[in-house]
Each structure stands twice: as structure tokens, then as C-alpha cells.
Amino acid sequence: MATSLKIDDALKSRIQNLASQRRRSAHWLMLDAIQQYVEREEARESFKQEALSSWEAYQETGRHLTGEEVRTWLNTWDSDDEKAPPECHE
């Protein structure tokens with residue numbers, strides 16, 4: 001699919017300079033930038049939706065972990081005594 005973008009001269013020049021430095025085409029550079037942006041924004045949206053879902057579940061059930069419980073558990077990661085995640089409680 002072909003798509004047109006209107007890019008001001010200053011940005012176009014910056015893209016061409018960077019593409020030259022990277023030994024890539026300006027097209028490759030722009031496509032890579034768009035792909036990275038979309039992936040980052042999709043991940044951000046996924047994180048946001050997961051947080052909203054978790055908040056709704058908490059509001060419905062009241063089940064949670066305290067920050068201290070999570071920190072204590074995380075501090076066991078990569079140790080000889082790594083613990084399983086704690087159980088949520090009310």
C-alpha cells in the first residue's frame with residue numbers, strides 16, 4: 001500500500017542526513033520509525049487496558065497485594081530462595 005506524507009523541508013533534510021549516516025534509504029528509516037512508534041503505542045495501550053481491567057477487578061473484589069508484599073517477593077527474584085508470587089487478599 002502506498003501512502004503519501006507531507007514532510008517539511010527541515011525534517012526531510014534531517015531524515016536524509018540520518019539515512020545517509022546509517023547507510024539506509026530515507027524510506028527505510030521512515031518505515032522503521034513508524035513501525036517502532038506503532039509498536040510502542042500498542043504496548044502503551046495494552047498496558048493501559050490491563051491497568052484499567054485490574055482496577056475494575058479490584059473494585060469488584062477488593063483483592064490486592066500491598067506494595068511491601070510485592071517488594072518482598074520481588075527481592076527474592078534471582079536468588080537461591082526465589083519465592084512464588086504471594087496470594088491476593090482482601
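Quick ground rule before we start: a residue is buried under 20% relative accessible area, exposed over 50%, and partly exposed in between, using a 1.4 Å probe and protein chains only. By that rule S25, at 40% relative accessibility, counts as partly exposed. You're looking at a predicted model, where local features need pLDDT of at least 70, side-chain atom pairs count only at pLDDT 80 or more, and totals for chains, interfaces and linings use all residues. Residues are numbered from 1 along each chain as its sequence is written, and side-chain values use heavy atoms, with hydrogens and water left out.

**Helix α2 and its end**

- Helices here are DSSP runs of H or I with at least four residues (strands are E, at least two), numbered from the N terminus.
- Helix α2 covers residues 26–61, which makes 36 residues.
- The expected span of a helix is 1.5 Å times one less than its number of residues, so α2 should span 52 Å, and its end C-alpha atoms are indeed 52 Å apart.
- Right after α2 comes G62, with a positive phi near 75°.

**The loop between α1 and α2**

- R23 sits in the loop between α1 (9–22) and α2, and its phi is positive, near 55°, although R23 isn't a glycine.
- For context, most residues other than glycine have a negative phi.
- R23 counts as exposed because its relative accessibility is 78%.
- S25 is in the loop between α1 and α2 too; its C-alpha is 16 Å from that of L5, with the two positions 20 residues apart in sequence numbering.

**Rings and a charge**

- Rings of Phe, Tyr and Trp (its six-membered ring) pair if their centres lie within 6.5 Å; planes under 30 degrees apart count as stacked, over 60 as edge-to-face and the rest as tilted.
- That rule gives 2 aromatic pairs.
- One of them joins W73 and W77, whose ring centres are 5.2 Å apart with planes at 90°, so this pair is edge-to-face.
- Both tryptophans are partly exposed: W73 has 21% relative accessibility, and W77 has a relative accessible area of 44%.
- A charge sits over a ring if NZ of Lys or CZ of Arg is within 6 Å of the ring centre and within 35 degrees of the ring normal; R24 does this over the face of W28, at 4.1 Å from the ring centre.

**The largest pocket**

- On a 1 Å grid over the protein atoms alone, a pocket is an open set of points where a 1.4 Å probe fits, with protein on both sides within 12 Å along at least five of seven lines; lining residues have an atom within 4 Å of a point.
- The largest pocket comes out at about 290 Å³, where volume means the space filled by probe spheres set on the points, joined across faces, edges and corners.
- Its lining includes M1, A2 and T3, along with L5, I7, H27, M30, L31 and I34.
- That lining splits into 7 nonpolar residues, 2 polar and no charged.
- In that split, Ala, Val, Leu, Ile, Met, Phe, Trp, Tyr, Cys and Pro count as nonpolar, Asp, Glu, Lys and Arg as charged, and the others, Gly among them, as polar.

**Helix α3 and what follows**

- G67 belongs to helix α3 and is partly exposed at 40% relative accessibility.
- G67 and Y37 are 30 residues apart in sequence and 32 Å apart in space, C-alpha to C-alpha.
- In the segment after α3, T76 is buried, at 12% relative accessible area.
- From T76 to E42 the C-alpha distance is 31 Å, with the two 34 residues apart in sequence.
- D78 is in the segment after α3 (67–74) and has a positive phi near 60°, despite not being a glycine.
- With a relative accessible area of 79%, D78 is exposed.
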